[in-house]
Structure formats: structure tokens, C-alpha cells
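Trainee: I am new to this structure and would like a close look at a single part of it. Could you take one residue as the starting point and then lead me outward to what surrounds the topic?

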Amino acid sequence: SSRLWSWSLLLLGAAGRVAAWIVLGLWNGRANGWMALLAALDMAWVLRLGGWRPGTARALLAAAATLAIALAANWGTAAAQLAGYFGFGPLEAALRMGPRHAWTLAQLANDPLDVAALMLGVLLAALAAR
């Protein structure tokens with residue numbers, strides 16, 4: 001039961017952070033790489049709240065969750081922006097957009113500062129969750 005609670009809390013926290021990042025990206029039209037820093041702190045906090053034991057495993061899980069959030073948010077923002085052009089809903093656009101197209105759009109949207117923030121976010125997650 002506690003294991004299910006821990007995983008549910010992690011998935012819910014990650015989904016909420018992805019949704020917030022996508023909404024912000026649609027609102028201001030930017031990649032918002034700095035959100036990775038907030039996602040990192042959020043994931044470290046969620047893992048502690050969920051009762052995950054301190055150590056390397058928790059640090060790696062926080063880093064992986066932060067990376068997954070950043071990838072999902074970039075993919076979702078690009079898909080939501082393209083959805084209107086193609087007459088799809090955001091979810092349909094996300095499912096139809098291939099990885100190469102998503103990668104190209106992410107490269108165009110993220111400037112060097114965004115990329116640095118994304119990398120720092122993954123590192124911060126590992127350090128904060130230890």
C-alpha cells in the first residue's frame with residue numbers, strides 16, 4: 001500500500017509539473033528551461049514525502065523524473081502549438097508527432113540558457129534528493 005502511494009504520488013507530481021510547464025509555454029511562447037529547476041526541487045520533495053529511502057536510488061529516480069518531465073513538457077508544448085495548425089487536438093498532435101520532429105522543434109525552441117537550466121535541473125534533482 002505504501003509502495004503504491006509512493007509511485008502514485010511521484011506520477012501525480014510529475015504529471016502536474018508537466019501540465020504547468022506546458023501551460024506556461026503556451027502562455028508566453030517560450031521553452032522555459034528554468035522550469036527544470038522547479039521540477040527538480042519538486043521531485044526531490046515528492047520522493048521524500050512519498051517515503052523513499054535516502055541514497056543513490058532516490059537521487060537517480062529524482063534525476064530521471066526531472067529529465068522525463070522536461071522531455072514531456074517540451075514534447076507537449078510543441079504538440080499543443082502545432083495542434084491548431086493541423087486541426088488536431090493537443091493529444092492527437094502529440095501522438096502523431098514523431099521523435100525527429102519533436103527533437104527539431106525542441107532544438108529551435110530551447111536557447112543555450114534553457115539547455116543549461118535543463119542540465120542543471122537534472123543535477124539539482126540528484127543532489128536535492130540524496
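Mentor: Leu-37 has a relative accessible area of 31%, and because partly exposed covers the range between under 20% and over 50%, this residue counts as partly exposed. The value belongs to a predicted model, which should be kept in mind throughout. Leu-37 sits in helix α2, and together with Trp-34, Leu-38, Leu-120, Leu-123 and Leu-127 this leucine makes a nonpolar surface patch of about 550 Å². Two elements, α2 and α6 (112–129), each give two or more residues to that patch, and the largest share, three residues, comes from α6.

Helix α2, which spans residues 35–49, also holds Asp-42, whereas Arg-17 lies in helix α1 (residues 2–28), and this pair, 25 residues apart, links distant parts of the chain. The side chains of Asp-42 and Arg-17 meet in a salt bridge, with a distance of 3.5 Å from N to O. In contrast to the partly exposed Leu-37, both Asp-42 and Arg-17 are buried.

A search of the whole structure finds two salt bridges, and another pairing to look at is that of Arg-96 with Glu-92, where the closest N and O atoms are 3.2 Å apart. These two residues are separated by about one helical turn, because they stand four residues apart in helix α4 (residues 90–96). Arg-96 is exposed, with a relative accessible area of 56%, while Glu-92, at 34% relative accessibility, counts as partly exposed.

The last step outward concerns how helices pack. In general, two packed helices are described by the angle between their axes and the distance between the axes. For helix α3 (residues 56–86) and helix α5 (residues 99–109), the angle is about 95° and the axes are 10 Å apart. Because angles of 65 to 115 degrees count as roughly perpendicular, α3 is described as roughly perpendicular to α5. On the α3 side the contact involves Asn-74, Trp-75, Ala-78 and Leu-82, and these meet Pro-99, His-101, Ala-102, Leu-105 and Ala-106 in α5.

Key. Residues numbered from 1 in each chain as written. Predicted model: local features only at pLDDT ≥ 70, side-chain atom pairs only at ≥ 80, totals over all residues. Heavy atoms only, no water. Salt bridge = Lys/Arg side-chain N within 4 Å of Asp/Glu carboxyl O. Buried < 20%, exposed > 50% of the residue type's maximum accessible area, 1.4 Å probe, protein only. Patch = residues over 30% accessible without salt bridge, like charges linked within 9 Å, V, L, I, M, F, W, Y side chains within 5 Å. Areas by Shrake-Rupley, 256 points an atom, 1.4 Å probe, with all protein chains shown as cover. Axes fitted to C-alpha atoms, helices over the stretch in contact; angles between N-to-C directions. Parallel < 35°, antiparallel > 145°, perpendicular 65-115°, else oblique. Contact = heavy atoms within 4.5 Å.
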